[in-house]
Amino acid sequence: MNINENKNELSDVKTDNVSLNQEWYKLSNKKICNIFEVNPETGLSNKEAKNRLEKYGRNILPKSKKTNWFKIFLLSFLDPLSLIMILSGLVSGLVSIISQKIEVVDITGLVIILVIVLTNSIIATIQEVKSLNQVAHLNENKQTAIVLRSSKKTEIDIEELVPGDIIFVNSGGFVPADTRILDNQLLKIDESALTGENEPVKKISDSIKEKNLMLGDQKNIAFMSTLVIEGKMMGVIFGTGQESEIGKIATKITGHKPEKTPLERKVTRLTTIIGLTSIVLGLILFLISYFLSDRIHDVQPGKADIKNLLLIAVSSAISLIPESLTIIVKICLMVATKKMARKNVIIKNPKSIETLGNVNVICSDKTGTLTQNKMTVDKIFLDFKEDDYNNFDKTKYNDLINCITLCSDAIVEKEKIGSATEIATIEFVKKFNINYKSIRKNNERLDEIPFDSKRKLMTTVNNVDGRKMVYVKGAVDYLLDICTNKLIDGKVTPLTQEEKTKINEQLYSFAKRGLRVLGFSQKDITEEKQRYENNLTFLGCVAIIDPPREEVKASIEEAKSGGIRVIMITGDHKITAFEIATRLGITDENFDGVLTGQDINELSNEQLKERLQRTNVFARVNPEHKALIVDLLQEDNNIVAMTGDGVNDSPSLVKADVGISMGITGTEVAKGVSDVILADDNFKSIISGVNSGRNVYEKIKYSISFLIAANISQILTLLLILAINQDIALNSVNILFHIFIIETIVAVPIGMQKERRGVMKNPPPTHKKESLLKGIRSQIIITTLFNTLFAVLNYEIAVWWFNDDFQTAAKFGKTGVYIAIMFSPIFYSILYNNFFLPIKSTRQNKDVDKYRPNKWLLILMLVAFVFTTLTLIPIEKVNTFFDFTTVGLNPWLALIFFINSLLPTVCIYGTYKLLLKLI
Ligand code: ATP
């Protein structure tokens, strides 16, 4: 078929200034099907669909603009830290020019600064491009649509849809291509993505006569990427991919840049503060050394070498800044995002990793998240008697069978389509060889009110042997309110109050066993506009088993031991909810029982807030109640994660600190607005996510602690030796080389260590505004103390060794300081493998955590060690370059220097052990 050819047939509807695509709404249902050569009863044949796919291409929107990595690379130089570094490099270069004497040393300084800035920018660019691609990849997540092909309803990738396909979209689903609606039930579509109009549009299936209609007025068209808020529809596709309305504007939409996470912002703030402080310190250092210059041994009396002093001041200032921290944060978040994806937790925005780590309340749905969502009918309650499902006598309950099969959309073939509850009931009738499909075929559906979690009912009207039969199924307590009769042995008699009580008692008994109960009812109607959901005849109930997920109990235990409260919020019956919650350990005698949606309606917000502290189970709630619960929990300073799957769950998912949607059962809307998607719908994965979030936070603290300690030690050593011996023990090249080795090589893998399970034994971090230094101050102090002590000691040992010969003492003293300042952090970095140094306020749980070496740290420690050792080779030229000497260094003295650079590691570890014993 050639659509262009067929378009000629449209001449009768064509106007001069309206494009063809805007005129599909004018055609009758029959005409549009003719044009696309499709029979709405059978759909396209598989073969024809394949041909059209080849001809018209896949149903994909034009890709958003490609990430421009070069632009990102250039922008990375605008980072405050890079700017400080570049400025310092320029100052040192300028000094050289002013002094009109460019030496190798100055050039080296410049080169090292450049290497650091470049390395930082390259890593930052790689991370940025990666995360942008990840966001783009997320947007490309595979979506499916239900399509009629060769008379069969199947679920296919939306990319394979072609013009002429007959598709079905239910509430909560996105429209997969521009579609002319052929049939609909109470259809309302949110077209804000296309038209910007926030009010959902009520749709129709008849042709419209008016001309020149705007998109928003084309009521019989469902546009690609808009969202079915209510009801459902069936229609024929006329525009796919770039030919769709959204496709035409999609090219204009560019990929958005991921914003900085709060943690990244905190780190930037911390490093900028340190950066500014370091400039002040550098200035002080310069002034002190300048005014003391007469007494400094390096400088000839009266001839202060301003250039040299300035260079040292600038380099020490730079050395204080933990430059690599921002990159470490990015790497940590990236690694965690990847790891979590492997654990079925899809993070849409790295910010949520941090927030997950801080969560102290998780509000979870029951069905599917805490339970397996594998529903099976277990018991039946017919003629006021409970029985096992396999004793069902199909010859006696024809009306019930009709209600089960007709008032349902589930399809149970090789593939199962529909809600788990409906699938369970269809599977139940199929066990008795009842052909649900032929029942549906013989009793045409005339009307319906789809199930919604507010009414907790579903209604259909069918033509059964010429009678208009209304079938209503749903939550029994809701159904009983609208039933006035019962059907027993083919006779309809009034349903008395005692009988209602009996049914309620049975409901209670089922619910006590954790079963979900579904009731069925019917009536026939004669009048045109008769109400459906009243004066019904009760037919009976089925009780459905949905066992709790086995692994969830342990996860809830883990959450509790980590100071996280788990709250169950469900639409199910309160007794069923309570039973499952008790089995899973969500509630116990320390808590009040269950609050229902109705209870919530009767309580003031203040009262509810108070009850919230004592209640962990909420049943028969509506989506609005969920949003209210999040609000009140947040008012009490809780950090709340909330799960959701339905369209109506969006407000609570948006409100929660972390909105978590379900990958399998979740609607596209829920997935769209949530921060995290659980690929397996499993509660256990939420806890894995929390674990990763807490680990990221901890790893970053270790990195901060390590970097700050190593940097302060260096500048402190310089100041102390200046004060004690009036000598400048490190020059700018040494300082910059320290930055290069320690920051760029050793510190980065500290953020890449293995996750430890023990973080889940600690209470959640108590911030939002908590300082990044909380819990690591003592680590910084102890490490700095020993690092500085042994570096200064090396110098003093040289002074003592060479006694009167200060020139030689200073020469080898500097070598000693260099060895200590370089090697000490390389060695003690191993302690920053979270197992050794506990962060104050977190318990180390050795029973939970086995020591797992960080292989990256070990490899890079070795690389750093080799690099540094190479600089110590006793060759005159190498020595001059680094401004110290190893030529002629006494081997015993060398050994002492080396041992002294190992000792900080032993001392830090020993002190910590001692402190832990004392506290
Ligand atoms: P959650 O996922 O939040 O734990 P839920 O899935 O148990 O909740 P709902 O889907 O809102 O909650 O269902 C509430 C009640 O509505 C169920 O207990 C059941 O009796 C009834 N129900 C569920 N699905 C259907 C359906 N398709 N048709 C009619 N009634 C239904």
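The following exercises, each with a worked solution, deal with a predicted model of a single chain.

Residues are numbered from 1 along each chain as its sequence is written, and side-chain values use heavy atoms, with hydrogens and water left out. Since the model is predicted, local features need pLDDT of at least 70 and side-chain atom pairs count only at pLDDT 80 or more, whereas totals for chains, interfaces and linings use all residues.

**Exercise 1. Confidence and overall make-up**

Establish what average pLDDT the chain has, and which stretches fall below 50.

Solution. Begin with the score itself: pLDDT is the predictor's confidence in each residue, from 0 to 100. The chain averages 82, and 86% of the residues score at least 70. Next come the weak stretches: over residues 1-21 the pLDDT is below 50, although this stretch has 39 contacts (heavy atoms within 4.5 Å) beyond near neighbours in sequence. Over residues 251-258 the value likewise stays under 50, with 13 contacts beyond four places in sequence. Where pLDDT is low, the predicted coordinates should not be read in detail.

For the overall make-up, the secondary structure comes to 31 helices and 26 strands, where helices (H or I, at least four residues) and strands (E, at least two) are DSSP runs numbered from the N terminus. Of the 919 residues in the chain, 55% are buried; here buried means under 20% relative accessible area, exposed over 50%, and partly exposed in between, with a 1.4 Å probe and protein chains only. Among contacts between residues at least 6 apart in sequence, 73% join residues at least 24 apart.

**Exercise 2. Helix α28 and Gly813**

Determine how the span of α28 compares with expectation, and whether Gly813 within this helix is buried or exposed.

Solution. Helix α28 covers residues 806-828 and includes Gly813. The expected span is 1.5 Å times one less than the number of residues, so the 23 residues of α28 should span 33 Å; the end C-alpha atoms are 31 Å apart, which agrees. Turning to the surroundings, 20 of the 23 residues of α28 are buried, so the helix is largely enclosed by the rest of the structure. Gly813 itself has 0% relative accessibility and therefore counts as buried. Leaving aside neighbours within four places in sequence, Gly813 is in contact with Tyr795, Ala798 and Thr808. The C-alpha atoms of Gly813 and Trp801, which are 12 residues apart along the chain, are separated by 9.7 Å.

**Exercise 3. Aromatic pairs at α28**

Classify the ring pairs Phe706–Tyr828 and Phe827–Phe865, and state which helices they link.

Solution. A pair of aromatic rings is described by the distance of the centres and the angle of the planes. Rings of Phe, Tyr and Trp (its six-membered ring) pair if their centres lie within 6.5 Å, and planes under 30 degrees apart count as stacked, over 60 as edge-to-face and the rest as tilted. By this rule the count comes to 19 aromatic pairs. Phe706 and Tyr828 have centres 5.8 Å apart and planes at 70 degrees, an edge-to-face pair. Phe706 lies in helix α25 (residues 683-725) and Tyr828 in α28, so the pair ties together parts that are 122 residues apart in sequence. Both Phe706 and Tyr828 are buried.

The ring centres of Phe827 and Phe865 are 6.0 Å apart and the planes stand at 45 degrees, so this pair is tilted. The pair links distant parts of the chain, with Phe827 in α28 and Phe865 in helix α29 (residues 855-871), 38 residues apart. Phe827 is buried, with a relative accessible area of 15%, while Phe865, at 27%, is partly exposed.

**Exercise 4. Strand β15 and positive phi**

Identify the partners of β15, and find where a positive phi occurs in its hairpin with β16.

Solution. Strand β15 (residues 457-464) is mostly covered, seven of its eight residues being buried. Two strands pair if DSSP finds at least two bridges between them. Strand β14 (residues 445-449) pairs with β15 in the antiparallel sense over four bridges, and Arg445 stands opposite Asn462 in β15. With strand β16 (residues 467-475), β15 pairs in the antiparallel sense over eight bridges, and Thr459 stands opposite Val472 in β16.

Most residues other than glycine have a negative phi. In the hairpin of β15 and β16, which has two residues between the strands, Asp465 takes a positive phi near 50 degrees. Elsewhere, Arg620 also has a positive phi near 50 degrees; Arg620 is found in the loop between β23 (615-619) and α22 (623-635), and at 10% relative accessibility counts as buried.
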